[in-house]
Each structure stands twice: as structure tokens, then as C-alpha cells.
Amino acid sequence: MKEWECGEIDLLLPWYVNGSLTQEENAQVAAHVAECVSCRNQLIQLVLIEKPIQEYWKHPIDEEQTADVFDSIMTAIGLNQGSPSSFTGHLLEEILQDPVPSHWLTSILSFIWDEILKDTAVLWKYKAQIQRLIQEAI
Amino acid sequence: MLIQPVSHYVRIHIGPPEDAKDVVQEVFIAIWRGADSYSGQSSVLSWVLGISRRKVADYYRKKYRNAQWMTRESMDDDRIMEVKDEASTKEIAQIVQKVYWERLMQRLSPQARELIYLSFVLGLTYGEIAAIQEVRPGTIKSRMYAVRKKLMKLIREEGLT
């Protein structure tokens, strides 16, 4: 495997720090910084500033404003009566049309919960029903 | 939830809170209406941030005709201001605690803050960032290089004042 130059490595360092490089890139950077003082110093600098940068963006979003945004979106969505756009949406619709025993709901919801969270539009459309289902299940 | 990254992204570029709020709403309505067009090729987060970027561009297009917000020219500002006297690692370690990050971040261009946010906070790959910004991955790498140099210069200035 051909070793990469400092220039190539240096450009990749921010993504080495955030852990998003490919396996090959990661191995190249790790091997290079183990040997190269200059690149290692650059890497240390990035590691030092990573935490304060993340802290800077930790401020929570204003709750009142989030609620306003949420309400406006719900209003806009209420005007749009399209069918659910995803697998999760279809699944939820089936659950809602043909209620299942409540002890099933917990496992069904836990199974699709991650998908629901990923699919923001579905989450919003079914927010009230999801909350009701969770309450019933509990 | 996606509201946090979308709100952060929009506010990086749009100062007036009411305007930013409007754009965030537009982003989420677009997500809802475009949900069927999500191909699954990129992560949901990248797809949503791509929509956010286009909505921010629409905002500036409406506000200033022919606005060039996020063009190569605006990114070059960071490159021009590239630092000559780079702080050493030892210095950075000593002064990074003293830096007032709120002020430091405001001294960076919105484009620089965006790049820092997408990589250091959201942990996106350079490929994902390139897809969001509709440029080549190499462009993202070199832009980030320039942003890092600027950031280190500001850290040194802020930490020593």
C-alpha cells in the first residue's frame, strides 16, 4: 500500500477526528501521524478544539420557538392529506385501523420507534396517535 | 429530532430570528412534501440539510436579487485571510481554555461556521458535506483547511486578549 504524503493526510485530519473516514483512509492517517511530528501536532490541535466547538453548539433551541415552528408545520401538514410516504407510515396506519392488544403495542412501537424518529414527517402526522398508543400500551 | 440541526444550520446563515424561524418552517414543510423523493442514497440528515441549504439560498435570492451568498468568492475571504503565524500546539493547549468561543465563532464567516458545524458537531463525512453543498469532495477538504487556519489564528488572538 502506497504511503500518503503530508498534504493528503493533513486535509483528512478533521474527519479523522470526527471518526468518519473510510477504513483505508483511517489506517493511512493513523500510520502517518504515528511517524510524522508535524501532522501529529495538527491532529492534536484539532482534538483540543473539538470539545469547545461542540460545547458552543450545545445551547438548547428555544422551546417556545420550537413549539411555534411545530404548530406552523402541523398546520401546513394538516392541509396536505397525502398518504404516508414510508414503510413506517403504512405500518402505523395498519396498526391504527386494526387495533392490536395493548401488550403487543409496546413491542411493535419499540421495534419501529427508531424508524419513526428518523422519519420526521411520519412522526408529526401521527404524533397524537403515537402518544395515545404509548399511553394505552403503558 | 431533526429540528436542532436544521435550526442551527439556518441560524448560522440567517441572523434575524423571525426570518430564521420562517425558513426553518419552510424546510420542514418541504421535507413533508418531498418525503416521497427521498431516495435513501444519502443519510436522512444529509438530505434534510441539503433542503435546508436550498431554502437558505432561496431566502437570500428573494431578499437580494442576484445575491451570491456561498459562492466561491465568499469562501475565498477565508483563504485570503489565511494565517502566517500559526499558533503552536503548546500555545493552543494553553490558550484554548481562555477563548471566549461565542465571540470567536461570530468572527468567522457563516460559510466557515457551517463547515465547522457539519464536521465537528454533526460528524458528517467530507463526502456528505460535499453533497449538501453541491461541490466536489476535494473542494470541501481545501475549504476546511482554510477554515482551520483561520480558526487557529482567531484562537490565538482571542486567547491572548
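A residue counts as exposed when its relative accessible area is over 50%, and as buried when that area is under 20%. These cut-offs apply throughout the account below, which concerns a predicted model. With 55% relative accessibility, Glu134(B) is therefore an exposed residue. Its place in the chain is the loop between α8 and α9 of chain B, where α9 covers residues 137-160. The backbone of Glu134(B) is notable too. Its phi is positive, at about 55°, although the residue is not a glycine.

The two chains were then examined in turn. Chain A contains 8 helices and 0 strands. Its order from the N terminus is α-α-α-α-α-α-α-α. Of the 138 residues in chain A, 39% are buried. The chain exposes about 8,100 Å². Carbon and sulfur atoms supply 55% of that area. Among contacts in chain A with a separation of 6 or more, 59% join residues 24 or more positions apart.

Chain B contains 9 helices and 0 strands. Read from the N terminus, its elements run α-α-α-α-α-α-α-α-α. The chain has 161 residues, and 53% of them are buried. It exposes about 7,700 Å², of which carbon and sulfur atoms supply 49%. Residues 24 or more positions apart provide 71% of the contacts in chain B with a separation of 6 or more.

Two helices of chain B illustrate the burial. Helix α1 spans residues 3-13. It is largely enclosed by the rest of the structure, because 9 of its 11 residues are buried. The buried set consists of Ile3(B), Pro5(B), Val6(B), Ser7(B), His8(B), Tyr9(B), Val10(B), Ile12(B) and His13(B). Helix α7 of chain B, residues 110-121, is mostly covered. Here 10 of 12 residues are buried. Among them are Arg113(B) and Glu114(B). Leu115(B), Ile116(B), Tyr117(B), Leu118(B) and Phe120(B) are also included in the buried set. Just after α7(B) comes Gly123(B), with a positive phi of about 70°.

Ile116(B) appears again in the largest nonpolar core. This core has 62 residues. The members that touch the most others are Ile49(A), Ile53(A), Trp101(B), Ile116(B) and Ile155(B). The surroundings of Trp101(B) were followed further, leaving aside its neighbours within four places in sequence. From chain A, Trp101(B) is in contact with Ile49(A), Pro52(A), Ile53(A) and Tyr56(A). From chain B, its contacts are Val96(B) and Ile155(B). Ile49(A), Ile53(A) and Ile155(B) thus figure in both lists.

Helix packing was examined for one pair in chain B. Two packed helices are described by the angle between their axes and the distance between the axes. The pair comprises α3, residues 44-63, and α8, residues 126-133. The axes come within 8 Å and cross at roughly 35°. The crossing of α3(B) and α8(B) is right-handed. On the α3(B) side, the residues in contact are Ser46(B), Leu49(B), Gly50(B) and Arg53(B). They meet Glu128(B), Ile132(B) and Gln133(B) of α8(B). The residues of this contact divide into 2 nonpolar, 3 polar and 2 charged.

Note on methods. Residues are numbered from 1 along each chain as its sequence is written. Chains are lettered from A and ligands numbered from 1 in the order in which they are written. This is a predicted model: local features need pLDDT of at least 70, side-chain atom pairs count only at pLDDT 80 or more; totals for chains, interfaces and linings use all residues. Side-chain values use heavy atoms; hydrogens and water are left out. A nonpolar core is a set of buried Ala, Val, Leu, Ile, Met, Phe, Trp, Tyr and Cys residues joined through side-chain atoms within 4.5 Å. Buried means under 20% relative accessible area, exposed over 50%, partly exposed in between (1.4 Å probe, protein chains only). Contact means heavy atoms within 4.5 Å. Axes are lines fitted to C-alpha atoms, for helices over the stretch in contact, and angles run from 0 to 180 degrees between N-to-C directions. Helices (H or I, at least four residues) and strands (E, at least two) are DSSP runs, numbered from the N terminus. A crossing is left-handed if the near helix is turned anticlockwise from the far one by less than a right angle, and right-handed if clockwise. Ala, Val, Leu, Ile, Met, Phe, Trp, Tyr, Cys and Pro count as nonpolar, Asp, Glu, Lys and Arg as charged, and the others, Gly among them, as polar. Accessible areas come from the Shrake-Rupley method with a 1.4 Å probe; for residues, only the protein chains shown count as cover.
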